Amino acid sequence: MKQLLVLSLVLLSFIAACSVLTLQPANFSWPLESVLPIDEKGNVTEDRYSIEFNTAGLFYEEFQDSLAYKGKELRVIRDNQGLYFITASNFKNVYIFRADEGKMVLNNKIFISEFGLQTPAFNQRNPYIELVDGNNKMNLTSKGIEGGAK
């Protein structure tokens, strides 16, 4: 009986050691979009949120030209799940990335317009990210456009 009690205590302490501390609820959203100029090497940096990444692959995906970033700026906002929504003028898509050990990994690509966005802007509209382009507004989630364009 004593051995069973000792074995139970060892097993219980092993299970407790394997559990992960979880702090919830958590909200990772940025209240405002960041408009980030792209430097001559294709990098954007946002000191306020401590983020930096290279955009060459993104511009290659969108335009099949990895140098199309020159003279451009990106619009970036983060939703409450911690996903980054990224677009720019003339983009046909909004790209959604997740952070993963020193890199940004594409989570989804949402087609917006065959003609490209003219003056895109993001707003935080929890639980959505609102995309505004001129008079057009749409609510985005990590899965796509919620509802329809307004």
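Contact means heavy atoms within 4.5 Å. This is a predicted model, where local features need pLDDT of at least 70, side-chain atom pairs count only at pLDDT 80 or more, and totals for chains, interfaces and linings use all residues. Residues are numbered from 1 along each chain as its sequence is written, and side-chain values use heavy atoms, with hydrogens and water left out.

Q: How many helices and strands are in the protein chain?
A: Helices (H or I, at least four residues) and strands (E, at least two) are DSSP runs, numbered from the N terminus. The order of elements from that end is α-β-β-β-α-β-β-β-β-β-β-β-β. The chain has two helices and eleven strands.

Q: Which element supplies the largest share of the largest nonpolar core?
A: A nonpolar core is a set of buried (under 20% relative accessible area, 1.4 Å probe, protein chains only) Ala, Val, Leu, Ile, Met, Phe, Trp, Tyr and Cys residues joined through side-chain atoms within 4.5 Å. The largest one has 31 residues. Elements giving at least two residues each include H2, E4 and E10. The largest share, four residues, is from E6.

Q: Which residues does Leu140 touch, not counting those up to four places away in sequence?
A: Leu140 is among the residues with the most contacts inside the largest core. Its partners are Phe85, Val94, Ile110, Ile112, Phe122, Tyr128, Ile129, Leu131 and Ile145.

Q: Is Asp65 buried or exposed, or in between?
A: Asp65 lies in the loop between helix H2 (56-63) and strand E4 (73-78). Exposed means over 50% relative accessible area, and partly exposed falls between buried and exposed. At 36%, Asp65 is partly exposed.
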